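Visitor: I am new to this structure and would like a close look at a single part, the place where the ligand sits. Please take me through it.

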Amino acid sequence: MRIVKVRDYQDMSKKAADIISAQVVLNPSSVLGLATGSTPEGIYQHLAEKHRLGDLDFKDIKTVNLDEYKGISKSHPQSYTYYMKTKLFNFINIKPENTYLPDGDNEDGQLECKRYRDIIQRAGGIDLQLLGLGNNGHIGFNEPGEAFEKEVHCVDLSETTITANARFFYSMDEVPKQAYTMGIGNIMRARKIVVVVSGKEKAEITQKVLFGPVTPKVPGSILQLHSDVTVIADEDALSLTKI
Ligand code: GLP
């Protein structure tokens, strides 16, 4: 793992956007694995700005997102589909038919997981996967458990995650309890991985993910075994990590 310590959220966003930009320039038909959450928002702003300035062309880029809530429609403002459109896709020249997310409207879990797994496979796998870190160490929606789930699956969200997500919804009842997510295998097969972490509230989990035992109880810890991971973390996120 390469750990890049930066000063703050702004620096983290800029650094990660630079790495993704390099990927797009060097291989204009890359498959990018994208993430949602508050952490990547700044990165997407930088990418949109670089595109506006004429420095980045997404016309042959494909994207596959990590996850999507189950039981929420694509037009719901809290769906990850809506997030991706309003934070990135609407501002760059990516072809809508080249952007993929699991379909939260599909009630048939088995069918949806197979459909999404096939999409990733048909795209030829992921060249660069961007990852945030959940408060409990989850990556995508791979929640802490007894074993690493390898393939795309439907997951029951943990209490910590449901509580963390509640801030985005009007009431607790509205907060989705399930999601579709890439599995650990899909993520680990990405050729390159960039992890972004920011803030004091992530300090404890960052330490465990980077230097704790590799265990499904801290899903992100598996990244220690990948051969090309860059972690971009700010001083707050690294405040409990000695590097
Ligand atoms: C959600 C997403 C994760 C993301 C996490 C952290 O649970 N499924 O992919 O990493 O949120 O979000 P934030 O960046 O807002 O802390």
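Guide: What follows describes the surroundings of the ligand. This is a predicted model, in which local features need pLDDT of at least 70, side-chain atom pairs count only at pLDDT 80 or more, and totals for chains, interfaces and linings use all residues. Residues are numbered from 1 along each chain as its sequence is written, and side-chain values use heavy atoms, with hydrogens and water left out.

Around the ligand there are 13 residues, of which Ser38, Thr39, Asp67, His138 and Lys202 come nearest (a residue is near if one of its heavy atoms lies within 4 Å). The shell consists of three nonpolar, seven polar and three charged residues (Asp, Glu, Lys and Arg count as charged; Ala, Val, Leu, Ile, Met, Phe, Trp, Tyr, Cys and Pro as nonpolar; the others, Gly among them, as polar).

Some distances fall under polar contacts (pairs of N or O atoms within 3.5 Å). Asp67 has a polar side-chain atom 2.7 Å from a nitrogen atom of the ligand. For Ser38, a backbone N or O atom lies 2.8 Å from a ligand oxygen. His138 places a polar side-chain atom 2.8 Å from an oxygen atom of the ligand. Of the 390 Å² of accessible area that the ligand has on its own, the protein covers 92% (Shrake-Rupley method, 1.4 Å probe).

Conventions:
Polar contact = N/O pair within 3.5 Å; in protein donor to acceptor, adjacent residues only side chain to side chain.
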